[in-house]
Amino acid sequence: MPCAVVVLAAGSGSRVGADRNKVLLPLRDRPVLAWSVQAALGVPDLARLVVVVRPGEQDDVAAALAPHLGDAEVVVVEGGATRHASEDAALAVLAADVAAGRVDVVAIHDGARPLAGTDLFTAVVDAARASGGALPVVPLGPVVAADGHDVDPRLAAVQTPQAFRAGPLLAAYDAARRDGFEGTDTAACVALHTTPGEVTVTGVPGSPRNLKITFPEDVALAERLSAP
């Protein structure tokens, strides 16, 4: 059954030192956002792709993506003031397809992570179909807590895309809306608003290459990592 991908692009460029949304900054031959969108379009069973942008940026984002889409259709929608609100806006667009059984898994990705790649999108979608949910993880490496104690070496850092079976995902966000809850990522909302055992979240191998562009030096690093 087909899946859907949501790419979140409603951030800003303040910390990266840009005068515009950081996902519109150039990364080699295309905008940062186009890398994630093109990777998502390569997922074999993709049915819907939704890009969530800041209010007033729909036309700018659509124009930036147009040369890189080919014949693919991408829905560009306005997000909210928070990440959770932007995710909620995207899921509202997909709700009819989920209810009709046309989409079985939804993956949500941060558009400021341009180097995730199609293989990672596909891996989390496949794992979510099998277990209910999946997200990329990478080892934290040597980390010391603020009090000087060693941190459990089994801990890992979480990345995106994060994928979940569509029905429980939409139900979790409906419940969160009623509760007034806003999570920091998709997994947080699902963890708190699904019944125990309903969704088993599987970790799939992420990569340090799947960096998030936050500061000016991240742009330069992404340039080097994306070199042919």
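Student: Where is T160 found in this model?

Tutor: Keep in mind that this is a predicted model. Look past strand 8 and stop before you get to strand 9 (162-165). T160 sits in the loop between strand 8 and strand 9.

Student: Is T160 buried or exposed?

Tutor: Check its relative accessibility, which is 5%. Buried means under 20%, so T160 counts as buried.

Student: Which residue's backbone nitrogen does the side chain of T160 reach?

Tutor: Follow the side chain of T160 to a backbone nitrogen at 3.1 Å. A polar contact has to be within 3.5 Å. That backbone nitrogen belongs to D110.

Student: Okay, on to the strands. In which sense do strand 1 and strand 4 pair?

Tutor: Strand 1 covers residues 3-9 and strand 4 covers residues 46-53. Seven bridges link this pair, and in one of them A9 has V53 as its partner. The sense is parallel.

Student: And what is the handedness of the crossover from strand 4 to strand 5?

Tutor: Strand 4 and strand 5 (residues 75-78) run parallel, joined by four bridges, with V50 partnered by V75. Between these strands the chain passes through helix 2 (residues 58-65), giving a β-α-β crossover. Its handedness is right-handed.

Student: Last one: what is the area of the nonpolar surface patch that includes L140?

Tutor: L140 lies in the loop between strand 7 (132-139) and strand 8 (156-158). Patch residues need over 30% relative accessible area, and L140 is partly exposed at 39%. Together with V143 and L155, L140 makes a patch of about 220 Å².

Key:
Residues numbered from 1 in each chain as written. Predicted model: local features only at pLDDT ≥ 70, side-chain atom pairs only at ≥ 80, totals over all residues. Heavy atoms only, no water. Patch = residues over 30% accessible without salt bridge, like charges linked within 9 Å, V, L, I, M, F, W, Y side chains within 5 Å. Areas by Shrake-Rupley, 256 points an atom, 1.4 Å probe, with all protein chains shown as cover. Salt bridge = Lys/Arg side-chain N within 4 Å of Asp/Glu carboxyl O. Helix = DSSP H or I, 4+ residues; strand = E, 2+ residues; numbered from the N terminus. Buried < 20%, exposed > 50% of the residue type's maximum accessible area, 1.4 Å probe, protein only. Pairing = 2+ DSSP bridges. Right-handed = clockwise from strand over helix to strand, strands pointing away. Polar contact = N/O pair within 3.5 Å; in protein donor to acceptor, adjacent residues only side chain to side chain.
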